[in-house]
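Work through the following exercises with the sequence and the structure open beside you. Each one gives a task, followed by a solution in steps.

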Amino acid sequence: MDTVIDIAGLVKRFGKTTALDGLDLQVARGEVHGFLGPNGAGKSTTIRVLLGLLRADAGTVTLFGKDPWRDAAELHRRLAYVPGDVNLWPNLSGGEVIDLLGRLRGGLDEKRRAVLIERFELDPTKKSRTYSKGNRQKVALVAALAADVELLILDEPTSGLDPLMEAVFTGCIDEFKDDGHSVLLSSHILAEVERLCDRVSIIGSGRTAETGTLAELRHLTRTSVSAELAEPPTGLDSLTGVHSVVVEGLRANFEVDTVELGAALEALGHFGIRTLTSQPPTLEELFLRHYGEHVATEDDS
Amino acid sequence: MSERQRTNHEAGTAFTGTSTLLRFHLRRDRMMLLWWIAGAFVLYVSQAVSTDGLYTTQAQLDKAAKGMESNAAFIAMAGPARALNTVGGQVAWQAAAFGAIVAGLMSMFLIGRHTRAEEESGRDELVRAAVVGRHAPLAAAALICLIADVLLGGLIAGGLIAYGLPAAGSVALGMAAGLAGLVFGAVTLVGAQLTQSARGAYAITGAVMALSYVLRAVGDIGNGALSWLSPIGWGQYMKAYAGESWWPALISVATVGLLGVLAVRLFDRRDIGSGVLATRPGPARGGSSMHTTLGLAWRLQRASLIGWASGLLLGGLAFGSIGDDVGDLLGDSQFSQDVFGQGGGTLVDSFYGVMALMLALIAAGFAIGSVLRLRGEETDHFAELLLSTAEPRWRWAASHLVIAGLGSIVVIAAGGIGLGVGFALVTGDSSAILRLFGATVQYAVPVLLIGALSWLGYSVRSAWGAFGWAVLGFCFVIMMFGESLQLPDWLMGASPFRHLALVPAEDFRLVPWLLLLMLSAVVGAAGMVVLRRRDLA
């Protein structure tokens, strides 16, 4: 696998607090990688280490095979970044900011710049102080997408965009990916992650909790099953991997570890299945499961 | 009857929440207030202590007073000479002008931080969405400024009375400081309605303060008429310890009232978040200056550079236009000869040597502010976006340092040109242009050093950039009070300005000048090494 971002055992401390505590992250060339985690999990810190703004205390970090701290400027020719909180010089117009950032990245594609401004419906003559949060984000997005780069690092890039603009953004990322480029996308908008990302890393408390394709992650968690049966079911509780069983007459609802789904259905078969719905976990459930680990543990006991 | 009731009712709702906001401000500002007020208190009381320490007999004080009274340089810097043969008169003379500036700066930052800065950041919106009357934020800001200035004036008066100075004079002196603070606070309140940024409001107030200082300096040396146009002058016309005159306080009070009404009128006419001076649309494309961070740094700093350079040019012109009159004022008293005769030059030359030094110290304010743009760029997260491009960290920092360095030279040169041209215009002595220009411009080197120290502080830790202000404050104290406080030589020598010759009274000394230049370069380079190792916010 041709790895664009390779982080292993990354540790970053701020005084006594440990922001990152052995984080791992791999992003392959050509993939859109979702970077998920609760507020304060260390996503932005990781990104700032990748950008060479912060120095790692331990672990290895490589970006295009090089050290992002030492070779920051050189590496930045190949990437563009959109921060979560876009702050722009209040007395510069949006157009000026786009051109400045583009030129500092080593030039921007004039045609794409014009098209993007059109697509994002951005007024480039307004002073940055008068832009709303969404419009500031558009300025940073246009500057990033119009640059000739192979990697986008996006920190909650759509948190201020309306649904129409979010659709425009999604389209742009698809095009970027079609060119064989990579994206690291931190986001809390799970529909967006499901729609765009090939692989996902979920982090919590400065460590990687889970990483893989969405299908792989689903496999690790539970599927909810709801069935109507010919005879009242018994003994579902004792099946391995089955949780939260609720039986009401002929109806049974339960959750099952996805690896045990086959065995559970086989057991249900003995009672004669009339209707069956089985739902793979949504990303949201995956999420809640990792974020609310302790909540889940309490439920089980 | 309903008319009256409605008015009362409206007034009540417009100020709802004022007291809550005020308590909140006091909570946020208590440390800041403590430092400002304690600083002002020390400024005044230390003058009383040092005067008593310096002159043990009345005869000594009489003799010194005689000399000071005819010293134009001191009068230009401090104020009109009154009752200088008393401890009170000495305190009033030495501290009043600077006390007014200290109170003014305190009030400016208080008002700015609770009005325009809050609005700019969007926090004001959050507050106004609560049960808060339309005029409550403005009123709370005005009230905290009032409280701070009353405390400042009251403590000065109380401290001086407790020290044993006459009560009436002490009260007049404290009132003068507090009232000056209120006037400049009210100016800030108006400025905050005009501009859309706190920086803009500070620039307006800073300009008014500088103008007030220059007007009273020129007025005090001349016939005193111009001093009546200056809020600092109004305080000094209260004649603390010299047959107090109370009615000039009314001018200050009336001015505060008028400015307050103007601020409210302007506030009522504008939308929250906008200024009276509207923001025009900008260019759709980045021009040729926006190709590099140097271009960006120039764009971000040019307005401030132009402001500082014009300010120093005007200040220089004002001091320069005092011309030969200095000679008459200085007279031939033995004291003046002692103080100013040291360099071997004439008294006029000595006077202009001190003026050049003062212009340079003011210009150092630009150097520090300009260097600290880096800190602003970092904490506002503009740097984050810039440094995610191919721009190396050192070049981003260097861009602002280049503007700071060259800008400081331009600002000082503007002061020097003003001084020389002003003098030449009045006296007809055109050779003075080059002489006074050179006298001023030589100080570019210690100013660069102060800028470099500020930069080194910033590069170690972003908040430590303020170190530069501490250095400047120290140099200022050394220049103003070093002699009168009889500070030890090693301490005085810590001010880089002390190592240069007082041109034109003395001959330019090249070696210390070159050494300071090299030191600035070393400190600057050290900052670069340190910044490259630091985490950026």
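**Exercise 1: a strand and its neighbours**

In the solution to this exercise, one cross-strand pair is a useful anchor: Asp155(A) stands opposite Ser186(A) in strand 7 of chain A. Bear in mind throughout that the model is a predicted one.

Task: determine which strands pair with strand 6 of chain A and in which sense, and decide whether the residues of strand 6 are buried or exposed.

Solution. Step 1: begin with strand 7 (residues 182-186) of chain A, which pairs with strand 6 in the parallel sense over five bridges. Step 2: turn to strand 5 (residues 79-82) of chain A, whose pairing with strand 6 is likewise parallel and runs over four bridges; here Leu79(A) is found opposite Leu151(A) of strand 6. Step 3: follow the chain from strand 6 through helix 6 (residues 163-178) to strand 7 of chain A, and the three elements are seen to make a right-handed β-α-β unit.

Step 4: consider the two faces. In a regular strand, side chains alternate between the two faces of the sheet. In strand 6 of chain A, Leu151(A), Ile153(A) and Asp155(A) lie on one side, while Leu152(A) and Leu154(A) lie on the other, and all of them are buried. Step 5: conclude that, because five of the five residues of strand 6 (residues 151-155) of chain A are buried, this strand is largely enclosed by the rest of the structure.

**Exercise 2: the six-stranded sheet and its helices**

Task: state the strand order of the six-stranded open sheet of chain A, and identify which helices lie on it.

Solution. Step 1: the order is 5-6-7-3-8-9, and the pairing is mixed. Step 2: strand 5 and strand 9 (207-213) of chain A are at the edges with a single partner strand each, so one side of each has no neighbour in the sheet. Step 3: on average, and with direction ignored, neighbouring strands of this sheet are turned by 15 degrees against each other.

Step 4: inside the sheet, strand 3 (residues 32-36) of chain A pairs with strand 7 of chain A in the parallel sense over four bridges, and Gly34(A) stands opposite Leu185(A) of strand 7. Step 5: helix 1 of chain A lies across strand 3, strand 6, strand 7 and strand 8 (199-204) of chain A, at about 145 degrees to strand 6, whereas helix 5 (residues 133-145) of chain A touches strand 5 and strand 6, with its direction at about 175 degrees to that of strand 5.

Step 6: examine helix 1 (residues 43-50) of chain A itself, which is mostly covered, six of its eight residues being buried. The buried residues are Lys43(A), Thr46(A), Ile47(A), Arg48(A), Val49(A) and Leu50(A), and the helix is followed by Gly52(A), which has a positive phi near 80 degrees.

**Exercise 3: the four-stranded sheet**

Task: describe the order and pairing of the four-stranded open sheet of chain A, and locate the helix that lies across it.

Solution. Step 1: the strands follow the order 11-12-10-13 with antiparallel pairing. Step 2: strand 11 (242-248) and strand 13 (273-279) of chain A each have a single partner strand, so one side of each of these edge strands is left without a neighbour in the sheet. Step 3: the twist from one strand to the next averages 15 degrees.

Step 4: strand 10 (residues 222-229) and strand 12 (residues 251-257) of chain A run antiparallel and are joined by seven bridges, with Glu255(A) of strand 12 as the bridge partner of Ser224(A). Step 5: helix 9 (residues 261-269) of chain A lies across strand 10, strand 11, strand 12 and strand 13, and runs at about 10 degrees to strand 10.

**Exercise 4: a helix pair in chain B**

Task: classify the packing of helix 10 and helix 13 of chain B by angle, and characterise the residues of their contact.

Solution. Step 1: helix 10 (residues 198-221) and helix 13 (residues 293-320) of chain B pack at an angle of about 10 degrees, with axes 10 Å apart. Step 2: the two helices are therefore roughly parallel to each other, given that angles under 35 degrees count as such. Step 3: the residues of this contact comprise seven nonpolar, three polar and no charged; among them are Ala203(B) and Val214(B) in helix 10, and Gly307(B) and Ala318(B) in helix 13.

Conventions. Residues numbered from 1 in each chain as written. Chains lettered and ligands numbered in written order. Predicted model: local features only at pLDDT ≥ 70, side-chain atom pairs only at ≥ 80, totals over all residues. Buried ≥ 20, exposed ≤ 12 C-beta atoms within 10 Å, placed from the backbone. Pairing = 2+ DSSP bridges. Right-handed = clockwise from strand over helix to strand, strands pointing away. Axes fitted to C-alpha atoms, helices over the stretch in contact; angles between N-to-C directions. Parallel < 35°, antiparallel > 145°, perpendicular 65-115°, else oblique. Contact = placed C-beta atoms within 7 Å. Nonpolar A, V, L, I, M, F, W, Y, C, P; charged D, E, K, R; others polar.
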